[in-house]
Amino acid sequence: MKRIIFAATSFAAMAMAGSAFAANSQTTTAFMQGNVPDTCVLTAPTVTASTNATNVLLGGNGGQSTMLLTLADANTAKLNAVSFTLTYADSYCNYNHSVGIKATNGGLIASDYDPVATSGAFIRRIGYDADIKWMGPAFAQGPNPGTSTTTDLGDTLSTAAVNFPVAGANRADLVIQVTIDNSNQTPVVSGTYTEYLTLKIGATL
């Protein structure tokens, strides 16, 4: 009888020793990683207001918009009041970015631009105001950026880029308004006047 009890006790001890390596639950981790690049989208604009200005071409992200301006009165050659507003609806940058504006010529200039008239006073470079606003909740508590002004009708060309930093992502309407003031009624020299106005969101200009 003693031998039978001893054998049963040994079997129970072996069973308990084996259960010491088991666990009632285990955990592992699957690590995931991906990257989203810095991205800005500038949609094709719409002309939301205009005076003596009509759109010929409206380009979106990376494209060029062209506005045809009626700069002067056909009978007197004196400046017209000109303005237009382009709205780039639902544009965005998904990171800390900049909003910039830059004039190539610093005014509308004829291809044969000469700052000195042969005789008498004439306007030879047409200045303008260009205001750009980045709408949306990011600027609900403060001013929207910003303004680049190139209204000087003298000979100094204002072509420096103006950039405004934006902290964080922003998705909203980007609005640019261009205005030519006709308070100066000096006649304008004839010619085809051109200007490139660059608008940029993302990196600085």
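**Exercise 1. Confidence in the model**

Find which element of the protein has the lowest mean pLDDT and which has the highest.

*Solution.* Strand β10 (residues 147-150) has the lowest mean pLDDT among the elements, at 46, while β1 has the highest, at 96. Here pLDDT is the predictor's confidence in each residue, from 0 to 100, and strands are DSSP runs of E with at least two residues, numbered from the N terminus. This is a predicted model, in which local features need pLDDT of at least 70 and side-chain atom pairs count only at pLDDT 80 or more, whereas totals for chains, interfaces and linings use all residues. Residues are numbered from 1 along each chain as its sequence is written, and side-chain values use heavy atoms, with hydrogens and water left out.

As a next step, take the whole protein, which averages a pLDDT of 81, with 76% of the residues scoring at least 70. Then turn to residues 146-155, where the pLDDT is below 50 although the stretch has 35 contacts beyond near neighbours in sequence in the model; a contact means heavy atoms within 4.5 Å. Over residues 140-144 pLDDT also stays under 50, and the model has 4 contacts beyond four places in sequence for them. Where pLDDT is low, the predicted coordinates should not be read in detail.

**Exercise 2. The disulfide**

Identify which residues the disulfide joins, and work out where they lie in the chain.

*Solution.* A search of the whole structure finds 1 disulfide, defined as a pair of cysteine sulfur atoms within 2.5 Å. The disulfide joins C40 to C93, with an S to S distance of 1.9 Å. C40 belongs to strand β1 (residues 40-41) and C93 to strand β5, so that the pair links distant parts of the chain, 53 residues apart. The torsion about the S-S bond of C40 and C93 is about 115 degrees, and therefore the disulfide is right-handed. Finally, C93 counts as buried because its relative accessibility is 2%, where buried means under 20% relative accessible area, exposed over 50% and partly exposed in between (1.4 Å probe, protein chains only).

**Exercise 3. The salt bridge**

State which residue forms a salt bridge with D90, and decide whether each partner is buried, partly exposed or exposed.

*Solution.* The structure holds 1 salt bridge, meaning a side-chain nitrogen of Lys or Arg within 4 Å of a carboxyl oxygen of Asp or Glu. The partner of D90 is R171, and their closest N and O atoms are 2.7 Å apart. R171 lies in strand β12 and D90 in strand β5, 81 residues apart, so distant parts of the chain are linked. With a relative accessible area of 57%, R171 is exposed, whereas D90, at 37%, is partly exposed.

**Exercise 4. The largest nonpolar core**

Determine how many residues the largest nonpolar core has, and which element gives the most to it.

*Solution.* This core has 31 residues, and those with the most contacts inside it are I126, L174 and I201. A nonpolar core is a set of buried Ala, Val, Leu, Ile, Met, Phe, Trp, Tyr and Cys residues joined through side-chain atoms within 4.5 Å. Among the elements that give two or more residues are β5 (82-93), β12 (170-180) and β14 (197-202), and β5 gives the most, with 5 residues. Leaving aside neighbours within four places in sequence, L174 is in contact with residues including L42, L86, V99, I132 and I201.

Terms used
Helix = DSSP H or I, 4+ residues; strand = E, 2+ residues; numbered from the N terminus.
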